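Subject: The structure I promised you

Hi,

Here is the structure we talked about, so you can open it before reading on. My notes on what turned up follow below.

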Amino acid sequence: MYYKVEISGVDTSKLKTLKNDETNELLRRAHAGDRAARNRLVESNLKLVLSAVQRFSNRGGNPDDLFQVGCIGLIKAIERFDIELGLKLSTYAFSLIIGEMRRFLRDSGMVKVTRRVREQAVAALKKKEELQNSLGREPTVEEIAAAMQQPKEDVVLAMEAIMEPSSLYDPAYSDGRENICLIDQVQDNTSENDWLDEMLLRQAMEALSAREKKILSLRFFAGKTQVEVSQAVGISQAQVSRIEKGALQRIKTQM
């Protein structure tokens, strides 16, 4: 059976995986300057890059940009890999690919952090680790600041500045069958016209069941959270989430 999954213009069904001895032979040739061998190694390991792209799919980065950045990490891994260590190229390469993507997202993100703040944050994290080892517990911000001889406020700002922003679509928790995202916990206080035209939505809702209508009305007209809706309707939040998503999909199809 033929399965095709295309990401960033690459058809994963056509990517062939190399055996370990084939990989090592191509690595020796690539390190000796054989560009054809290097290119074949890159092509045979593109699934690693695609896997990493999917991992960062909810971070706001352009998939094509992430793919190109990941390929740079893969090429670096091929050039730096030491066959004599007895490790797998895929294991070593994946860490470099992920590192390149994280660096790209950090440097191209909407929130820019100055070099001074970043360096201060790195120093704070190192000091935190040292204190944790010596104290045998998690050090307080006051203890970290005192050890660095820095104002507590500066240390807090530096450490928060390098924290990766959370996406509203990051899972908050799971009931074992479905993830509940952060956006499901946020109350909607925006204008109804900003989300969807109320008139068209009400017309589309006529085809829904009474319970579906009530859940959508509470969620998007009354601005209730899923927790509040579940309490009002008398079912679990996971059920509210599933009913809401199914109803919205039917509305989308109808409209």
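A quick word on labels: helices and strands here are DSSP runs, numbered from the N terminus, with at least four residues for a helix and at least two for a strand. Keep in mind too that this is a predicted model.

**Leu18**

Let's start with Leu18, which sits in the loop between β2 (10–11) and α1 (20–31). Is Leu18 buried or exposed? Its relative accessible area is 16%, and the cut-off for buried is under 20%, so Leu18 counts as buried. Setting aside the neighbours within four places in sequence, Leu18 touches Thr23, Leu26, Arg40, Leu41 and Ser44. Have a look at Asn45 as well: 27 residues separate it from Leu18 in sequence, while their C-alpha atoms are 8.5 Å apart in space.

**Two helices that cross**

Next, go to helix α6 (residues 115–135) and helix α7 (residues 141–148), which pack with their axes 9 Å apart and at an angle of about 110°. Angles of 65 to 115 degrees count as roughly perpendicular, so that is the word for how α6 lies to α7. From α6, the contact involves Gln120, Ala123, Ala124, Lys127, Lys128, Leu131 and Leu135, and from α7 it involves Glu143, Ile144, Ala147 and Met148. Sorted by type, the residues of this contact are seven nonpolar, one polar and three charged.

Glu143 of that contact also has a salt bridge, with its side chain meeting that of Arg137 at 2.7 Å, N to O. Both partners are partly exposed: Glu143 has 27% relative accessibility, and Arg137 has a relative accessible area of 38%.

**The aromatic pair**

How many aromatic pairs does a search of the whole structure find? The search gives one. The rings belong to Phe81 and Tyr92, and they are tilted, with 5.7 Å from centre to centre and 50° between the planes. Phe81 is in the loop between α4 (63–80) and α5 (89–108), Tyr92 is in helix α5, and the two are 11 residues apart, so to speak a link between distant parts of the chain. Phe81 is buried at a relative accessible area of 5%, whereas Tyr92 is partly exposed at 27%.

**Salt bridges**

Side chains of opposite charge can pair when their charged atoms come close. Across the whole structure, the search turns up 10 salt bridges. Besides the one between Glu143 and Arg137, two more are worth opening up.

One of them joins the side chains of Glu212 and Arg250, at 2.8 Å from N to O. Glu212 belongs to helix α11 (residues 210–221) and Arg250 to helix α13 (residues 237–254), so this pair, 38 residues apart, connects distant parts of the chain. Glu212 is buried, with a relative accessible area of 12%, but Arg250 is partly exposed at 41% relative accessibility.

The other is between Glu244 and Arg219, whose closest N and O atoms are 2.8 Å apart. Here again distant parts of the chain are linked: Glu244 is in helix α13, Arg219 is in helix α11, and their positions lie 25 residues apart in the numbering. Glu244 is buried at 5% relative accessibility, and Arg219 is buried with a relative accessible area of 5%.

Finally, Lys76, Glu100 and Arg103 are joined into one network by salt bridges that share partners.

Cheers

Definitions and conventions:
Residues are numbered from 1 along each chain as its sequence is written. This is a predicted model: local features need pLDDT of at least 70, side-chain atom pairs count only at pLDDT 80 or more; totals for chains, interfaces and linings use all residues. Side-chain values use heavy atoms; hydrogens and water are left out. Buried means under 20% relative accessible area, exposed over 50%, partly exposed in between (1.4 Å probe, protein chains only). Contact means heavy atoms within 4.5 Å. Axes are lines fitted to C-alpha atoms, for helices over the stretch in contact, and angles run from 0 to 180 degrees between N-to-C directions. Angles under 35 degrees count as roughly parallel, over 145 as roughly antiparallel, 65 to 115 as roughly perpendicular and the rest as oblique. Ala, Val, Leu, Ile, Met, Phe, Trp, Tyr, Cys and Pro count as nonpolar, Asp, Glu, Lys and Arg as charged, and the others, Gly among them, as polar. Rings of Phe, Tyr and Trp (its six-membered ring) pair if their centres lie within 6.5 Å; planes under 30 degrees apart count as stacked, over 60 as edge-to-face and the rest as tilted. A salt bridge is a side-chain nitrogen of Lys or Arg within 4 Å of a carboxyl oxygen of Asp or Glu.
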